[in-house]
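Biologist: Please take me through one part of this model at the level of individual side chains: a buried acidic residue in a loop, and the group of aromatic rings that follows from the neighbouring helix. I would like to know what each of them touches.

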Amino acid sequence: MKYKLSLLKSLPVVAGLLAFALTPALMQAQNLGKIHGHVTNPSGQPQDKGTVSLSFDGGATLKFTFQVDANGDYSGQATPGTYEAVYRAPDTPAGKIVDSIKGIKITAEGDAVADIDMSRAEYISKLPADQQKALADLKQKNAAAIAANQAIGHANADLKQVTQDKKDVEGASAAALQQLGPKATRGELQAKVNEIKSAKYADIETLMTTDIKGLPKEALLYANLGYAQAGEQKYDDAITSYQTAITLEKAASKPRLEVVAVSESGLGEVYARQGKVPDANASYEAAAKDDPARAPMELRNQAVIFFQMHNSEAQIAAADEALKANPNDPILYYIKGQGLIGNATIDPKTNRIVLPPDCQAAYEKYLELAPTGTFADEVAGILQQAGQKITSSYHAPKK
């Protein structure tokens, strides 16, 4: 079962409560020293607007003024001396200040640092009670958003690894052959395939289980966890994971149809492998209904899984349903024919196979659509044993 994983979006962090603007001041050219600093607002975030001024009289007179940039930083030059660094908002009345820091010494050779941190306890304690409560609530929300963003970052990195793990599962046979070489026995190859798949399923399960702790309501994580558990044949756990994914995603304000359908299809596969045909059919039908664009693929998967489980009756019915969505898929005709061939008989007079009419028609359609397909020789052989003339463009391999 293939599907593209989508990445998770980060949550917003509230930047702050205050807004600020620039107040210009004249610069004196002689014997200037440097000063720089950073302004932090009461919420603990960089303050992106406002001015920092240098004063000798607590802000009544502003000798030098510097603009705070988008990162909360400022810098400039001033004549040597000991100042009070004063922070003002755009709407701060004349002669008033928002915050300040005293004892800033500027020398001709130095670069003084004057950081103004309005998130410090001393400053917060002087604010009105309602503002203190608002800040506490804001910090709590920001802390939760930051934690969630960290969890989302980890999950996104893990989802990329899951994508690669799934590719490795699909390519396990080729990887096994490459590792063991052409002289390996079928048993050795299959053992290596199982080893590769088991390692990848275990990796996905570990990654998703960890990420779910940080993002317990992210349906995509449960869908991938269900995939891994199904691969490990932990069917009851997989059912729980897929059902959780479906419930969470359908409850979202904008459900992702692909996540819902993939989870329903995965649930259908688990039920099919457990022999629960009605439950499997219901899940696959739900997947096709919830995401019509994926319906041909989901119904095809249904027929393939029943074929793998050697459930002839179920695979015939599933193939018929899938052919309604995609009547030109040759593999579906092969699956249908394989399901029906069990009803074939032997003509006692000729000792030839007598195929059921629908079986013969399915095989002939397969050869018509895929005359050089994977199963073309097998299907042609069956038809020839039944005494049927091959009328498609199929050509028997040269001996």
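Modeller: A polar contact here is a pair of N or O atoms within 3.5 Å, where within protein one atom must be able to donate a hydrogen and the other to accept it, and residues adjacent in sequence count only if both atoms are side-chain atoms. This is a predicted model, in which local features need pLDDT of at least 70 and side-chain atom pairs count only at pLDDT 80 or more, whereas totals for chains, interfaces and linings use all residues. Residues are numbered from 1 along each chain as its sequence is written, and side-chain values use heavy atoms, with hydrogens and water left out.

The acidic residue is Asp329, whose side chain is joined to that of Arg300 by a polar contact of 2.6 Å. Asp329 sits in the loop between α10 (312-325) and α11, where helices (H or I, at least four residues) are DSSP runs numbered from the N terminus. With a relative accessible area of 10%, Asp329 counts as buried (under 20% relative accessible area, with exposed over 50% and partly exposed in between, for a 1.4 Å probe and protein chains only). Once neighbours within four places in sequence are left aside, the residues in contact with Asp329 (heavy atoms within 4.5 Å) are Arg300, Leu323 and Leu369. By contrast, 73 Å separates the C-alpha atoms of Asp329 and Gly76, which are 253 residues apart along the chain.

Next come the rings, which pair in Phe, Tyr and Trp (its six-membered ring) if their centres lie within 6.5 Å, with planes under 30 degrees apart counted as stacked, over 60 as edge-to-face and the rest as tilted. The structure holds 8 aromatic pairs. One of them, between Tyr334 and Tyr366, is tilted, at 5.8 Å centre to centre with 50° between the planes. This pair links distant parts of the chain, since Tyr334 belongs to helix α11 (residues 330-340) and Tyr366, 32 residues apart from it, to helix α12 (residues 357-369). Tyr334 and Tyr366 are both buried.

Tyr334 also pairs with Phe375, and because their ring centres are 4.0 Å apart and their planes at 10°, that pair is stacked. Phe375 lies in the loop between α12 and α13 (376-385) while Tyr334 lies in helix α11, so the pair ties together parts that are 41 residues apart in sequence. Tyr334 is buried, with a relative accessible area of 3%, whereas Phe375, at 24%, is partly exposed. Taken together, ring pairs link Tyr334, Tyr366 and Phe375 with Phe307 into a cluster.

Conventions
Helix = DSSP H or I, 4+ residues; strand = E, 2+ residues; numbered from the N terminus.
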